Amino acid sequence: MPKKGQILTHPVTGDTYEYLELSGDTNGARTTLRITLNKGRLNPNHFHVFQDECFKVLAGTLTIWLEGKTIPLRSGEQMVLPKGKPHNHYNGDDEPVTFTQTVSPALDFEYWEENIIGLTADGKMQTGKMNFIQDLVTLKYLDSRTYHAGIPLFIQKLLLNTVGPIGRRFGYRAIYEKYSGIDK
């Protein structure tokens, strides 16, 4: 279970994630992390059904991909990525970027990062990406409903609703008790 002030370090990239504000602090309104990313891109382009994300750059340059456009966000700048809009964020530079990320409403987002770090540390995300079944189970059972951009939604929903439950029968979880203290 995340704790305010807790810092997670990605075992492959060295990226750090510090929990500044948790859903319990805000009655579920938001969760905020301070993140330092080294060069690279780990997440696929995606969109959130229920959540907005606000990024405020503290140092360096954060690259935002929003609906096919690439936008550099520099120190002191901020941007809200609204729910329902395909987006991504990453570090396209050689220097690290530090920023805050606020997700509103929080839902179960704060557990997601713990599970990514835990799965990677346990060798289950060696390439930095979830395997197909883990990805479908995560997308199916998180309240922080997210879909991949560029893949037709009906195909994703079909796979989530067929492969997701099968994956759970084989022990896959969206949130693992081992990493977060809850099982989902």
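**Exercise 1. Determine which side chain forms a polar contact with that of His-148, and place His-148 in its surroundings.**

Step 1. In this predicted model, the side chains of His-148 and Asp-135 are joined by a polar contact of 2.8 Å.

Step 2. His-148 belongs to strand β11, which covers residues 146–148, while Asp-135 is one of the buried residues of helix α2, residues 132–141.

Step 3. Burial is assigned under 20% relative accessible area, and because the value for His-148 is 16%, this residue is buried.

Step 4. Beyond the residues up to four places away in sequence, His-148 touches Pro-44, Asn-45, His-46 and Phe-47, and also Asp-135, Leu-139 and Gln-156.

**Exercise 2. Describe helix α2: its cap, its buried residues and the elements against which these pack.**

Step 1. The N-terminal end of α2 is capped by Asn-131, which has a side-chain oxygen 3.0 Å from the backbone nitrogen of Ile-133.

Step 2. Within the helix, Gln-134, Asp-135, Leu-136, Val-137, Thr-138 and Leu-139 are buried, and the buried residues of α2 pack against α1, β11 and α3.

Step 3. On the side of α3 (residues 153–169), one can look at Val-163, which lies in that helix. Setting aside residues up to four places away in sequence, Val-163 touches Ile-133 and Leu-136; the C-alpha atoms of Val-163 and Ile-133 are separated by 7.0 Å, although the two residues are 30 residues apart along the chain.

**Exercise 3. Work out the strand order of the open sheet, and explain why β1 and β8 each have one side without a neighbour.**

Step 1. The open sheet is formed by 6 strands in the order β1-β2-β3-β10-β5-β8, with antiparallel pairing.

Step 2. β1 (7–9) and β8 (78–81) stand at the edges and have a single partner strand each, so one side of each is left without a neighbour in the sheet.

Step 3. Neighbouring strands of this sheet are turned against each other by 20° on average, direction ignored.

Step 4. Helix α1 (residues 109–121) packs on the sheet and touches β1, β2, β3 and β10, its direction making about 160° with that of β2.

**Exercise 4. Follow the bridges from β2 through β3 to β10, and then those between β5 and β8.**

Step 1. β2 and β3 pair in the antiparallel sense over 5 bridges, and here Glu-18 stands opposite Arg-34 of β3.

Step 2. β3, in which 5 of 7 residues are buried, also pairs with β10, again in the antiparallel sense, over 7 bridges; in this pairing Thr-36 has Thr-98 as its bridge partner in β10.

Step 3. Thr-98 counts as buried, because its relative accessibility is 17%. Apart from neighbours within four places in sequence, Thr-98 is in contact with Arg-34, Ile-35 and Thr-36, and with Val-57, Leu-58 and Ala-59.

Step 4. Strand β5 (residues 52–59) is joined to the antiparallel β8 by 4 bridges, and the bridge partner of Lys-56 in β8 is Gln-78.

**Exercise 5. Identify the residues with the most contacts inside the largest nonpolar core, and the elements that supply it.**

Step 1. In soluble globular proteins, nonpolar side chains tend to be buried together.

Step 2. The largest nonpolar core here has 20 residues, and those with the most contacts inside it are Tyr-17, Leu-37, Phe-55, Leu-62, Ile-64, Leu-73 and Phe-99.

Step 3. At least two residues of this core come from each of β2, β3, β5, β6 (61–66), β8, β10 and α1.

Step 4. Outside its neighbours within four places in sequence, Phe-55 is in contact with residues including Leu-62, Ile-64, Leu-73, Met-79, Leu-81 and Phe-99.

Definitions and conventions
Residues numbered from 1 in each chain as written. Predicted model: local features only at pLDDT ≥ 70, side-chain atom pairs only at ≥ 80, totals over all residues. Heavy atoms only, no water. Pairing = 2+ DSSP bridges. Axes fitted to C-alpha atoms, helices over the stretch in contact; angles between N-to-C directions. Contact = heavy atoms within 4.5 Å. Buried < 20%, exposed > 50% of the residue type's maximum accessible area, 1.4 Å probe, protein only. Polar contact = N/O pair within 3.5 Å; in protein donor to acceptor, adjacent residues only side chain to side chain. Core = buried A, V, L, I, M, F, W, Y, C linked by side-chain atoms within 4.5 Å.
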